[in-house]
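Colleague: Before I plan anything around this chain, could we go through the model together, with each term spelled out as it comes up?

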Amino acid sequence: LNAGTGGQILRAKYGSVARAEIRRGVGAIFPGTTTNYISIPDAANLRLTQDPEIAVRFTVESLTPSSWQSLACKWAGGGQKSILFGIAGSGSGQLNFQKSADGTTNDSQFASVTLASAGLVVGNTYWLRARVVGTNLYFEWAPDSPTKPSSGWTQIGTTRTLTSSTIWAGTSPFWIGVNTSTSNEPLTGVL
(Lines give C-alpha, C1' and ligand atoms only; values in the text may rest on other atoms or scores of the structure.)
Protein backbone atom coordinates (compact mmCIF):
# COMPACT_ATOMS: atom_id res chain seq x y z
CA LEU A 1 0.00 0.00 0.00
CA ASN A 2 1.24 3.42 -0.88
CA ALA A 3 0.06 6.46 1.05
CA GLY A 4 -1.85 8.90 -1.09
CA THR A 5 -2.61 12.59 -0.65
CA GLY A 6 -2.37 13.54 3.01
CA GLY A 7 -2.66 9.88 4.00
CA GLN A 8 -6.39 10.03 3.25
CA ILE A 9 -6.23 7.97 0.08
CA LEU A 10 -4.36 4.71 -0.25
CA ARG A 11 -3.87 2.80 -3.46
CA ALA A 12 -3.34 -0.94 -3.52
CA LYS A 13 -1.61 -2.45 -6.51
CA TYR A 14 -1.88 -6.17 -7.17
CA GLY A 15 -0.88 -7.97 -10.33
CA SER A 16 0.52 -6.00 -13.20
CA VAL A 17 -1.68 -2.93 -13.72
CA ALA A 18 -4.67 -3.37 -11.44
CA ARG A 19 -5.65 -0.78 -8.86
CA ALA A 20 -8.31 -0.40 -6.22
CA GLU A 21 -8.51 2.95 -4.52
CA ILE A 22 -8.76 2.58 -0.76
CA ARG A 23 -9.96 5.50 1.35
CA ARG A 24 -9.52 5.40 5.09
CA GLY A 25 -12.88 5.18 6.81
CA VAL A 26 -14.62 4.54 3.48
CA GLY A 27 -13.29 1.33 1.92
CA ALA A 28 -12.03 0.10 -1.44
CA ILE A 29 -13.65 2.05 -4.26
CA PHE A 30 -14.51 0.13 -7.43
CA PRO A 31 -15.67 2.25 -10.42
CA GLY A 32 -16.89 -0.70 -12.52
CA THR A 33 -13.87 -0.95 -14.78
CA THR A 34 -11.87 -4.07 -15.52
CA THR A 35 -8.63 -2.53 -14.26
CA ASN A 36 -9.93 -1.89 -10.75
CA TYR A 37 -9.83 -4.96 -8.52
CA ILE A 38 -7.94 -6.61 -5.69
CA SER A 39 -6.32 -9.99 -6.20
CA ILE A 40 -4.86 -12.02 -3.34
CA PRO A 41 -2.53 -14.90 -4.30
CA ASP A 42 -3.67 -18.41 -3.44
CA ALA A 43 -2.90 -19.70 0.04
CA ALA A 44 -4.09 -22.77 1.93
CA ASN A 45 -6.18 -20.67 4.34
CA LEU A 46 -8.10 -19.19 1.37
CA ARG A 47 -9.27 -22.61 0.16
CA LEU A 48 -12.74 -22.51 1.70
CA THR A 49 -13.82 -26.11 1.21
CA GLN A 50 -16.47 -26.51 3.89
CA ASP A 51 -19.25 -24.24 5.16
CA PRO A 52 -17.81 -20.96 3.83
CA GLU A 53 -19.05 -17.58 4.94
CA ILE A 54 -18.31 -14.59 2.74
CA ALA A 55 -19.18 -11.24 4.27
CA VAL A 56 -18.59 -7.84 2.69
CA ARG A 57 -19.28 -4.30 3.82
CA PHE A 58 -20.89 -2.76 0.75
CA THR A 59 -22.28 0.65 -0.19
CA VAL A 60 -25.19 0.06 -2.55
CA GLU A 61 -24.76 1.98 -5.82
CA SER A 62 -27.69 0.33 -7.60
CA LEU A 63 -30.41 -2.05 -6.48
CA THR A 64 -30.83 -3.28 -10.06
CA PRO A 65 -27.42 -3.24 -11.75
CA SER A 66 -27.45 -3.67 -15.53
CA SER A 67 -24.47 -6.03 -15.39
CA TRP A 68 -23.24 -8.65 -12.93
CA GLN A 69 -21.32 -7.30 -9.95
CA SER A 70 -18.68 -9.59 -8.43
CA LEU A 71 -18.15 -8.95 -4.74
CA ALA A 72 -15.63 -11.69 -3.90
CA CYS A 73 -14.61 -15.00 -5.43
CA LYS A 74 -12.05 -17.71 -5.81
CA TRP A 75 -13.09 -18.58 -9.34
CA ALA A 76 -11.13 -19.17 -12.54
CA GLY A 77 -11.22 -21.27 -15.67
CA GLY A 78 -9.19 -24.41 -16.22
CA GLY A 79 -10.84 -26.37 -13.42
CA GLN A 80 -10.25 -23.72 -10.74
CA LYS A 81 -13.80 -22.72 -9.81
CA SER A 82 -14.37 -22.74 -6.03
CA ILE A 83 -16.75 -20.02 -4.76
CA LEU A 84 -18.27 -16.78 -6.08
CA PHE A 85 -20.46 -14.19 -4.34
CA GLY A 86 -22.04 -11.36 -6.31
CA ILE A 87 -25.10 -9.44 -7.44
CA ALA A 88 -26.97 -10.58 -10.55
CA GLY A 89 -27.21 -8.15 -13.44
CA SER A 90 -29.88 -7.47 -16.05
CA GLY A 91 -31.76 -5.44 -13.47
CA SER A 92 -32.64 -8.37 -11.21
CA GLY A 93 -30.87 -7.09 -8.08
CA GLN A 94 -30.59 -10.53 -6.48
CA LEU A 95 -27.59 -11.82 -4.58
CA ASN A 96 -25.97 -14.88 -6.14
CA PHE A 97 -23.66 -17.56 -4.75
CA GLN A 98 -21.91 -20.13 -6.90
CA LYS A 99 -19.65 -22.99 -5.97
CA SER A 100 -18.14 -25.98 -7.63
CA ALA A 101 -17.56 -29.45 -6.20
CA ASP A 102 -15.08 -30.43 -8.92
CA GLY A 103 -13.59 -27.16 -10.17
CA THR A 104 -15.60 -27.14 -13.41
CA THR A 105 -19.35 -27.61 -12.74
CA ASN A 106 -21.34 -24.66 -11.36
CA ASP A 107 -23.83 -25.00 -8.50
CA SER A 108 -25.55 -21.59 -8.57
CA GLN A 109 -28.29 -20.18 -6.34
CA PHE A 110 -29.99 -16.79 -6.32
CA ALA A 111 -31.60 -15.08 -3.34
CA SER A 112 -35.36 -15.62 -3.52
CA VAL A 113 -35.99 -11.85 -3.26
CA THR A 114 -34.25 -8.73 -4.54
CA LEU A 115 -32.10 -6.37 -2.47
CA ALA A 116 -34.88 -3.77 -2.78
CA SER A 117 -37.47 -6.24 -1.47
CA ALA A 118 -35.17 -6.93 1.47
CA GLY A 119 -35.35 -3.22 2.34
CA LEU A 120 -31.90 -2.08 1.23
CA VAL A 121 -31.59 1.51 -0.02
CA VAL A 122 -29.26 3.02 -2.65
CA GLY A 123 -26.47 5.06 -1.07
CA ASN A 124 -26.55 3.23 2.26
CA THR A 125 -23.84 0.91 3.51
CA TYR A 126 -24.66 -2.61 4.71
CA TRP A 127 -22.97 -5.87 5.50
CA LEU A 128 -23.94 -8.59 2.99
CA ARG A 129 -23.07 -12.23 3.37
CA ALA A 130 -23.51 -15.64 1.84
CA ARG A 131 -23.29 -18.34 4.51
CA VAL A 132 -23.23 -22.06 3.75
CA VAL A 133 -24.06 -24.74 6.33
CA GLY A 134 -23.95 -28.19 4.74
CA THR A 135 -26.14 -27.78 1.65
CA ASN A 136 -28.14 -24.87 3.10
CA LEU A 137 -27.31 -21.42 1.73
CA TYR A 138 -28.32 -18.25 3.57
CA PHE A 139 -28.19 -14.76 2.06
CA GLU A 140 -28.17 -12.15 4.84
CA TRP A 141 -27.66 -8.47 5.52
CA ALA A 142 -26.85 -6.42 8.62
CA PRO A 143 -26.72 -2.68 9.34
CA ASP A 144 -23.44 -0.88 8.78
CA SER A 145 -20.78 -1.11 11.48
CA PRO A 146 -16.98 -0.69 11.45
CA THR A 147 -16.43 -4.43 11.89
CA LYS A 148 -18.39 -7.50 10.84
CA PRO A 149 -21.35 -7.89 13.21
CA SER A 150 -21.50 -10.99 15.38
CA SER A 151 -25.31 -10.73 15.55
CA GLY A 152 -28.18 -8.77 14.04
CA TRP A 153 -28.17 -10.42 10.62
CA THR A 154 -31.47 -10.52 8.67
CA GLN A 155 -32.08 -13.28 6.14
CA ILE A 156 -32.77 -12.14 2.57
CA GLY A 157 -35.59 -14.35 1.29
CA THR A 158 -35.71 -18.05 1.99
CA THR A 159 -32.99 -20.62 2.58
CA ARG A 160 -31.63 -21.96 -0.71
CA THR A 161 -30.37 -25.53 -1.21
CA LEU A 162 -27.09 -26.40 -2.94
CA THR A 163 -26.69 -29.74 -4.70
CA SER A 164 -23.82 -30.82 -2.42
CA SER A 165 -21.72 -29.57 0.47
CA THR A 166 -18.42 -30.23 -1.34
CA ILE A 167 -16.39 -27.21 -2.48
CA TRP A 168 -13.34 -27.51 -4.72
CA ALA A 169 -10.03 -26.51 -3.11
CA GLY A 170 -8.92 -24.51 -6.14
CA THR A 171 -5.63 -22.67 -6.39
CA SER A 172 -6.83 -19.56 -8.21
CA PRO A 173 -6.30 -16.16 -6.58
CA PHE A 174 -9.00 -14.70 -4.34
CA TRP A 175 -10.56 -11.87 -6.37
CA ILE A 176 -12.37 -8.83 -4.96
CA GLY A 177 -14.27 -6.61 -7.36
CA VAL A 178 -13.99 -8.89 -10.43
CA ASN A 179 -14.70 -12.50 -11.34
CA THR A 180 -12.19 -15.00 -12.72
CA SER A 181 -9.84 -12.42 -14.23
CA THR A 182 -9.47 -8.72 -14.74
CA SER A 183 -12.18 -8.67 -17.42
CA ASN A 184 -15.29 -10.21 -15.89
CA GLU A 185 -18.13 -8.65 -13.91
CA PRO A 186 -16.35 -5.56 -12.55
CA LEU A 187 -17.91 -4.13 -9.42
CA THR A 188 -19.34 -0.62 -9.14
CA GLY A 189 -19.42 0.36 -5.50
CA VAL A 190 -17.48 0.55 -2.28
CA LEU A 191 -16.41 -2.49 -0.25
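Colleague: Does Glu-140 count as buried or exposed?

Modeller: This is a predicted model, in which local features need pLDDT of at least 70, side-chain atom pairs count only at pLDDT 80 or more, and totals for chains, interfaces and linings use all residues. Residues are numbered from 1 along each chain as its sequence is written, and side-chain values use heavy atoms, with hydrogens and water left out. Buried means under 20% relative accessible area, exposed over 50% and partly exposed in between, with a 1.4 Å probe and protein chains only. Because its relative accessibility is 6%, Glu-140 counts as buried.

Colleague: Which side chains make polar contacts with the side chain of Glu-140?

Modeller: A polar contact is a pair of N or O atoms within 3.5 Å; within protein, one must be able to donate a hydrogen and the other to accept it, and residues adjacent in sequence count only if both atoms are side-chain atoms. Glu-140 lies in strand S12, residues 136-143, where strands are DSSP runs of E with at least two residues and helices are runs of H or I with at least four, numbered from the N terminus. The side chain of Glu-140 has one such contact at 2.5 Å, with that of Arg-129, and another at 2.8 Å, with that of Arg-131.

Colleague: Over which rings do Arg-129 and Arg-131 lie?

Modeller: A charge sits over a ring if NZ of Lys or CZ of Arg is within 6 Å of the ring centre and within 35 degrees of the ring normal. Arg-129 lies 4.0 Å from the ring centre of Trp-153, over its face. The charged end of Arg-131 is 4.5 Å from the centre of another ring, that of Tyr-138.

Colleague: Which strand gives the largest share of the largest nonpolar core?

Modeller: A nonpolar core is a set of buried Ala, Val, Leu, Ile, Met, Phe, Trp, Tyr and Cys residues joined through side-chain atoms within 4.5 Å. The largest one has 32 residues, and Phe-58, Leu-128 and Phe-139 are among those with the most contacts inside it. Elements giving two or more residues to this core include strand S7 (69-76), strand S8 (80-87) and S12. The largest share, 4 residues, comes from S11.

Colleague: How are the rings of Tyr-126 and Trp-141 arranged, and why?

Modeller: Rings of Phe, Tyr and Trp (its six-membered ring) pair if their centres lie within 6.5 Å, and planes under 30 degrees apart count as stacked, over 60 as edge-to-face and the rest as tilted. By this rule there are 3 aromatic pairs, one of which, Trp-68 with Phe-110, is tilted at 5.9 Å centre to centre and 55° between the planes. Trp-68 is partly exposed at 25%, and so is Phe-110 at 32%. For Tyr-126 and Trp-141, the centres are 5.5 Å apart and the planes stand at 90°, so the pair is edge-to-face.

Colleague: What percentage of contacts between residues at least 6 apart in sequence join residues at least 24 apart?

Modeller: Contact means heavy atoms within 4.5 Å, and the chain has 0 helices and 16 strands. By C-alpha distance, Ala-43 and Ser-172 are 9.1 Å apart in space although 129 residues separate them in sequence. Among the chain's contacts between residues at least 6 apart, the share joining residues at least 24 apart is 58%.
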